Amino acid sequence: MTTGLAAQHTARAARWIDILLRQFPELLEELAPGRHGATAPSRTRPGTDGGTAPVRLHVSDTIRDITDGVVELEEAVREKLGLGRPARADAPERLRRIAGLLDDVTAHPVLAGHVLDECRRMARRCGRTLGTPETLVRINGRCPWCDSVSLRALPAWRTVICVNPGCRCTDEECGCVNNPAHRHSWAETGWA
């Protein structure tokens, strides 16, 4: 993987971190007692009269998964950069600290790919739990790699992707070489 691709990965990771920072507080609101979200059926606590706060285990599990993931990611980034163990903080503060280290992460292509994968995974899990679909909007133009009319925008993520499953680029270190699920993406501003 080249440092150019690593820079793309860290830029995309920054967008996923931004999404997480906006959505994580919504997860905490969904967990609040008495709140009835539309994302999953709720059950009442055993031994109650049925009118008390619902058990929102899927929300609690998502919060725990994301919190643990952010802690582990920050520790991995700081270890690779030789910065020592991070100070204790909540998940949003840790995400801001990771975002502040992304320029340094670019010098480590494997780490950049890992940061992107983890940030994307956590943001998607958060969105699924909140019931936020990934809306694809068709845009005009052709993919610069495969020349098909398969470009779609993800407005909430300010990103354009090529949805053509056969899209491959000429960079032998790109993820499309080994991963058939890889989709090329670009910042939406480049297509406006």
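# Helix packing and selected residues

Leu-27 is buried, with a relative accessible area of 0%; buried stands for under 20%, exposed for over 50% and partly exposed for the range in between (1.4 Å probe, protein chains only). The model is predicted: local features need pLDDT of at least 70 and side-chain atom pairs pLDDT 80 or more, while totals for chains, interfaces and linings use all residues. Residues are numbered from 1 along each chain as its sequence is written, and side-chain values use heavy atoms, without hydrogens and water.

**Overall architecture**

- The protein chain contains 4 helices and 6 strands, which are DSSP runs numbered from the N terminus (helices: H or I, at least four residues; strands: E, at least two).
- In sequence order, the pattern of the protein chain is α-β-β-α-α-α-β-β-β-β.
- The protein chain has 192 residues, of which 39% count as buried.
- Among contacts in the protein chain with a separation of 6 or more, 55% are between residues 24 or more positions apart; a contact is heavy atoms within 4.5 Å.

**Helix 3**

- Helix 3 covers residues 91-105 and has a kink of about 30° centred on Ala-99; the bend at a residue is the angle between axes fitted to the seven residues ending there and the seven starting there.
- At the start of helix 3, the backbone nitrogen of Glu-93 has a side-chain oxygen of Asp-90 within 3.0 Å.
- The buried residues in helix 3 are Ala-91, Pro-92, Arg-94, Leu-95, Ile-98, Leu-101, Leu-102 and Val-105.
- An α-helix has 3.6 residues a turn, so residues three or four places apart point the same way.
- Helix 1 (3-31), helix 2 (57-80) and helix 4 (109-130) are the elements against which the buried residues of helix 3 pack.

**Helix 1 against helix 3**

- The axes of helix 1 and helix 3 are 10 Å apart, and the two helices pack at an angle of about 170°; axes are lines fitted to C-alpha atoms, for helices over the stretch in contact, with angles from 0 to 180 degrees between N-to-C directions.
- Helix 1 is therefore roughly antiparallel to helix 3, a label given to angles over 145 degrees.
- Helix 1 contributes Thr-10, Ala-13, Ala-14, Ile-17, Leu-20, Leu-21 and Phe-24 to this contact, and helix 3 contributes Ala-91, Pro-92, Leu-95, Arg-96, Ile-98, Ala-99, Leu-102 and Val-105.
- By class, the contact of helix 1 with helix 3 has 13 nonpolar, 1 polar and 1 charged residues; Ala, Val, Leu, Ile, Met, Phe, Trp, Tyr, Cys and Pro count as nonpolar, Asp, Glu, Lys and Arg as charged, and the others, Gly among them, as polar.

**Buried positions in helices 1 and 4**

- Thr-10 is placed in helix 1 and is buried, at a relative accessible area of 7%.
- The side chains of Thr-10 and Thr-106 are joined by a polar contact of 3.1 Å; such a contact is a pair of N or O atoms within 3.5 Å where, within protein, one must be able to donate a hydrogen and the other to accept it, and residues adjacent in sequence count only if both atoms are side-chain atoms.
- Not counting residues up to four places away in sequence, Thr-10 touches Leu-102, Val-105, Thr-106 and Ala-112.
- Ala-112 is in helix 4 and is buried, with a relative accessible area of 0%.
- Neighbours within four places in sequence aside, Ala-112 is in contact with Ala-6, His-9, Thr-10 and Val-105.
- Ala-112 and Leu-5 are 107 residues apart along the chain, with their C-alpha atoms separated by 8.8 Å.
- Leu-27 also has its place in helix 1, and its C-alpha atom is separated by 6.7 Å from that of Val-59, 32 residues apart along the chain.
- Beyond residues up to four places away in sequence, Leu-27 touches Val-59, Thr-62, Ile-63, Ile-66, Cys-126, Thr-129 and Leu-130.

**Loop and strand positions**

- Arg-88 sits in the loop between helix 2 and helix 3 and is exposed, with a relative accessible area of 82%.
- Arg-88 is in contact with Arg-94 and Arg-97, leaving aside neighbours within four places in sequence.
- From C-alpha to C-alpha, Arg-88 and Val-71 are 9.0 Å apart in space and 17 residues apart in sequence.
- Asp-147, in the loop between strand 3 (137-138) and strand 4, is partly exposed, with a relative accessible area of 48%.
- Although Asp-147 is not a glycine, it has a positive phi of about 65°.
- Arg-152 belongs to strand 4 (residues 151-154) and is buried, with a relative accessible area of 18%.
- Residues up to four places away in sequence not counted, Arg-152 touches Leu-136, Val-137, Arg-138, Ile-139, Thr-159, Val-160, Ile-161 and Val-163.

Key:
Angles under 35 degrees count as roughly parallel, over 145 as roughly antiparallel, 65 to 115 as roughly perpendicular and the rest as oblique.
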